[in-house]
Amino acid sequence: MTADLVAKRVTNLLAPQVLVILMPPVVGLLAQGWSGAAWGLVASAFCGGVPAAVIAVGVRSGRLDSHHIVDRARRTRPLLAAVAAVLVALGLLVVMGAPTLLVATVTAMLAALAVTVPITLRWKISFHAAVSAGTVVVLAHVLPAWPTAFAGAAVVALVCWARVRLAHHTWAQVVAGAAVGTLTTWVTLAAFGLG
């Protein structure tokens, strides 16, 4: 298997929409069993499903180059749709009394978007790196922390390498994305008393 093929597979398997759809039910299940997983599915539907649908429609219509939205100039509308969907998810979870960890996780997604969206309007920060790093921080709260952090750091490094290898980002853009994802998620969880 060539390095480019590995990079494409990593990019597709660990894409932001994939992680945002899979992570909340897994976190909910690990934290609170099947009821937590059900809450996680609500978060997944809005935080991951809605933006993925918006992007899929954009790709089919030709307005977007791919589900990775390589062209930075085309990111604004899908990202605003993602922000709106995350706000709706957060409102539903709070009103319906979802577990604190899931509310904090969705709040962390919103915090990461609040930082990355304005940046990407001027500079192509890596959402792949930000989401993968944020996912590791959340998983380290429901799995053994240090093994999860070490394994997760390796996965984040692989994602960063893949994005640079495919020439979709520079090293500065992936490192910045990973830093934003890590810090916004950690600060948000700490603000909820989960740090």
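Hi everyone, let me start in a loop: the one between α6 and α7 is where A167 is found. Before I go on, please keep in mind that this is a predicted model. What is curious about A167 is its backbone, because A167 is not a glycine and yet has a positive phi, about 65 degrees. As a reminder, most residues other than glycine have a negative phi. Is A167 buried or exposed? At 64% relative accessibility, A167 counts as exposed.

Let me step back to the whole chain. How many helices and strands does the secondary structure come to? There are seven helices and zero strands, so the order from the N terminus on is simply α-α-α-α-α-α-α. The radius of gyration is 16 Å, close to the 16 Å that the globule rule gives for 195 residues, so the chain is as compact as a globular protein of that length. If you like to think in boxes, the C-alpha atoms fill one of roughly 40 × 35 × 30 Å along the principal axes.

Now the inside and the outside. Buried residues account for 48% of the 195 residues in the chain. The accessible surface comes to about 9,300 Å², and carbon and sulfur atoms own 73% of that surface. As for how the chain meets itself, take the contacts between residues at least 6 apart in sequence: 72% of them join residues at least 24 apart.

Next, the empty space. Rolling a probe the size of a water molecule over the atoms shows where such space is left. How many cavities of 30 Å³ or more does a search of the whole structure find? The search finds one, and the volume of this largest cavity is about 570 Å³. Its lining is made of 32 residues, and those nearest the centre are P16, V20, L113, F127 and V131. If you have the structure open, those five are a good place to begin looking.

Which helices supply at least two residues each to that lining? They are α2 (16-61), α3 (76-95), α4 (100-120), α5 (127-139) and α7 (171-191). Of the helices, α2 gives the most, with nine residues.

Two of those helices, α4 and α7, come up again when we look at single residues. V115 lies in helix α4 and, at 31% relative accessibility, counts as partly exposed. Leaving aside residues up to four places away in sequence, V115 touches V180 and T184. V115 and G181 are 66 residues apart in sequence, while their C-alpha atoms are 9.2 Å apart in space.

We can look from helix α7 as well, where A176 has its place. A176 is partly exposed too, with 21% relative accessibility; the cut-off for buried is under 20%, so A176 falls just on the partly exposed side. From A176 to T116 the separation is 60 residues in sequence and 9.5 Å in space, C-alpha to C-alpha. What does A176 touch, not counting residues up to four places away in sequence? The answer is W123 and I125.

I have kept the charged pair for last. The structure holds one salt bridge, and in it the side chains of D4 and R165 meet at 2.7 Å, N to O. Why does this pair tie together parts that are 161 residues apart in sequence? Because D4 lies in helix α1 (residues 3-13), whereas R165 lies in helix α6 (residues 145-165). Both partners are partly exposed: D4 has 35% relative accessibility, and R165 has 42%.

D4 touches R165 and also L166, again not counting residues up to four places away in sequence. For contrast, take D4 and T76, which are 72 residues apart in sequence and 28 Å apart in space, C-alpha to C-alpha.

So, to put the picture together, we have a predicted model of seven helices and zero strands. Inside is one cavity of 30 Å³ or more, with α2 giving the most to its lining. One salt bridge joins D4 and R165, and A167, where we came in, sits in the loop between α6 and α7. Thanks for listening!

Notes. Residues numbered from 1 in each chain as written. Predicted model: local features only at pLDDT ≥ 70, side-chain atom pairs only at ≥ 80, totals over all residues. Heavy atoms only, no water. Salt bridge = Lys/Arg side-chain N within 4 Å of Asp/Glu carboxyl O. Helix = DSSP H or I, 4+ residues; strand = E, 2+ residues; numbered from the N terminus. Buried < 20%, exposed > 50% of the residue type's maximum accessible area, 1.4 Å probe, protein only. Rg over C-alpha atoms; globule rule 2.2 N^0.38 Å. Contact = heavy atoms within 4.5 Å. Areas by Shrake-Rupley, 256 points an atom, 1.4 Å probe, with all protein chains shown as cover. 1 Å grid on protein atoms, 1.4 Å probe; cavity = no way out; pocket = protein on both sides within 12 Å on 5 of 7 lines; lining within 4 Å. Points joined across faces, edges and corners; volume = space filled by probe spheres on them.
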